[in-house]
Amino acid sequence: MVYDAIVLGVGGMGSAAVYHLARRGVRVIGIEQFDIPHDRGSSHGISRIIRLAYWEHPDYVPLVRHAYDLWRDLEHAVGEKLLWVTGSIDGGLADSRTIQGALSACRTHSLAHEFFDAAALSRRFPGIRLPDDHVAVFQPEGGFLLAERCVVAHATAARALGAVVRTREHVLEWSVGSGHVEVKTDRDRYEAARLVITAGPWLPTIVPALASRLTVERQVVLWTWPLRPELFTPDRFPVFYVDTPRGGFYGFPLDPERGFKIGKYHHRRERTDPTSVDRTCHPEDEATLRDGISEYFPDANGPAASASTCLFTNTPDEHFIIGRAPGQPEVVIAGGFSGHGFKFCSVVGQIVADLVLGETSRRINLFAIERF
Ligand SMILES: Cc1cc2nc3c(=O)[nH]c(=O)nc-3n(C[C@H](O)[C@H](O)[C@H](O)COP(=O)(O)OP(=O)(O)OC[C@H]3O[C@@H](n4cnc5c(N)ncnc54)[C@H](O)[C@@H]3O)c2cc1C
């Protein structure tokens, strides 16, 4: 079989890339070393936040908007609800990057939002107790995606369009010839006109030229059974990111089967790599997260339900890398999603398809590989 494009890694981004390429009539094969989904990369752990009040940079807002549309298209294609709207809270000191950035995104893009001081926030959402001098921005369109289901949905919809998706097949090496690429796996050898590399935390190994610019970081998330579950149901409790004296905590409303989920942004700042990472959740991991729960969400501070480790792949400026490999126009790279990429998978899949098909209009300077 002759392919137009090979996608290396079928996780969050790769599954979306395979889908969008198949939609455009490209003969595409996706190659994944594990199962779809699996729990050794960056896209597992049930849920991911999606939010428009993008304090990281206002340029993300139009992309998130488009991502919402594409997630809804995907829901329609597979007949499954993947996106839940609960509203989103961004909290912090009034002059913090979080609050100033969230307000700037809302104002620049005319997003509906409400501004609260800490007391008013707790009256509206009694599950949250921020320090007295903190404030918060509520944006009603925020919510969460069922991340693993999204990966499965993209892969399933891609197969339905004729894409080939191989699992349990490990890419050992890739090379670029004149106008074509070659990929060698532990099972076979493939040729195509284009290669897409969406290897997540394996990117530094797959593209060693980027290794000095990428840091893979161990993360841990915890689910608890709240002491007062009625305060954390999705109708009374939004997704949140709060930038506090104890660190940045993010989380989700109560999942009746899994509990209340919380993570600390960058957790314990542990550099690692996907082959040697410690995937056990230790008492010190739980203590790091309990520190935030006990202080800011005390009514959620009940027994542990479960915990999970996951990996960030950080760039120096925490913006993504999306583009053609320098000097190798046959190769498109999408990586370095720095702990905030999942919500964009749907739109990144579309941008990757544009790049594969030679449409340069989708170049986004914020994500240019050449900036490093
Ligand atoms: C704890 C945690 C919380 C997060 N919270 C949010 C959030 O709330 N909102 C948000 O938007 N983002 C969030 N993120 C970030 C987001 O989840 C990631 O940016 C996104 O999942 C990255 O997807 P990816 O496709 O790059 O990586 P992955 O999904 O890991 O995919 C890479 C794939 O490539 C495969 N692969 C690698 N090498 C090979 C090879 N040699 N051969 C074959 N296959 C290979 C891997 O097995 C893997 O399946 C969070 C991340 C973590 C860890």
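**Exercise 1. Tyr241: buried or exposed?** Decide whether Tyr241 is buried or exposed.

*Solution.* Tyr241 has a relative accessible area of 12%. Buried means under 20%. Tyr241 is therefore buried. The model here is a predicted one. Next, place the residue: Tyr241 belongs to strand 14, residues 239-244. Last, relate Tyr241 to His38. The two are 203 residues apart in sequence, and their C-alpha atoms are 26 Å apart in space.

**Exercise 2. Two more residues to classify.** Find where Thr86 and Glu173 sit, and classify each by its accessibility.

*Solution.* Start with Thr86. Thr86 is in the loop between strand 4 (83-85) and strand 5 (88-93). Its relative accessible area is 13%, so Thr86 is buried. Now look for a partner. The Thr86 side chain reaches the backbone nitrogen of Val239 at 3.3 Å.

Turn to Glu173. Glu173 is in strand 10, residues 171-176. Its relative accessibility is 47%, so Glu173 counts as partly exposed. Partly exposed lies between the cut-offs of 20% and 50%. Then compare sequence with space. Glu173 and Glu330 are 157 residues apart in sequence, with 15 Å between their C-alpha atoms.

**Exercise 3. The span of helix 2.** Check the span of helix 2 against the value expected at 1.5 Å a residue.

*Solution.* Helix 2 runs over residues 60-78 and has 19 residues. The expected span is 1.5 Å times one less than the number of residues. For helix 2 this gives 27 Å. The end C-alpha atoms are 27 Å apart, so the two values agree.

Now list its buried residues. They are Tyr60, Val61, Leu63, Val64, Ala67, Tyr68, Leu70, Trp71, Leu74 and Glu75. To read such a list, recall the helix repeat. An α-helix has 3.6 residues a turn, so residues three or four places apart point the same way. Finish with what follows the helix: Gly79 comes after helix 2 and has a positive phi, near 65°.

**Exercise 4. Helix 8 and the loop before it.** How many residues of helix 8 are buried?

*Solution.* Helix 8 covers residues 345-356, which is twelve residues. Twelve of the twelve are buried. Among them are Cys345, Gln350, Asp354 and Val356. Its first and last C-alpha atoms are 16 Å apart, close to the expected 16 Å. Just after helix 8 comes Gly358, with a positive phi of about 85°.

Step back to the loop between strand 20 (328-335) and helix 8, where His340 is found. At 4% relative accessibility, His340 counts as buried. Its side chain makes a polar contact of 2.8 Å with the side chain of Tyr54.

**Exercise 5. Around the ligand.** Which residues are closest to the ligand, and which backbone atoms does the ligand approach?

*Solution.* First, count: 36 residues surround the ligand. The closest are Glu32, His38, Ser43, Cys310 and Lys343. Next, take the polar backbone atoms one by one.

- Thr198: 3.4 Å from a ligand oxygen.
- Gly339: 3.3 Å from a ligand nitrogen.
- Gly341: 3.2 Å from a ligand oxygen.

**Exercise 6. The second largest pocket.** Describe the second largest pocket by its volume and its lining.

*Solution.* The second largest pocket holds about 260 Å³ of space. Its lining has 15 residues. Nearest its centre lie Phe144, Leu146, Leu254, Asp255 and Pro256. Now sort the lining by type: ten nonpolar, two polar and three charged.

How values were computed. Residues numbered from 1 in each chain as written. Predicted model: local features only at pLDDT ≥ 70, side-chain atom pairs only at ≥ 80, totals over all residues. Heavy atoms only, no water. Helix = DSSP H or I, 4+ residues; strand = E, 2+ residues; numbered from the N terminus. Buried < 20%, exposed > 50% of the residue type's maximum accessible area, 1.4 Å probe, protein only. 1 Å grid on protein atoms, 1.4 Å probe; cavity = no way out; pocket = protein on both sides within 12 Å on 5 of 7 lines; lining within 4 Å. Points joined across faces, edges and corners; volume = space filled by probe spheres on them. Nonpolar A, V, L, I, M, F, W, Y, C, P; charged D, E, K, R; others polar. Near = heavy atom within 4 Å. Polar contact = N/O pair within 3.5 Å; in protein donor to acceptor, adjacent residues only side chain to side chain.
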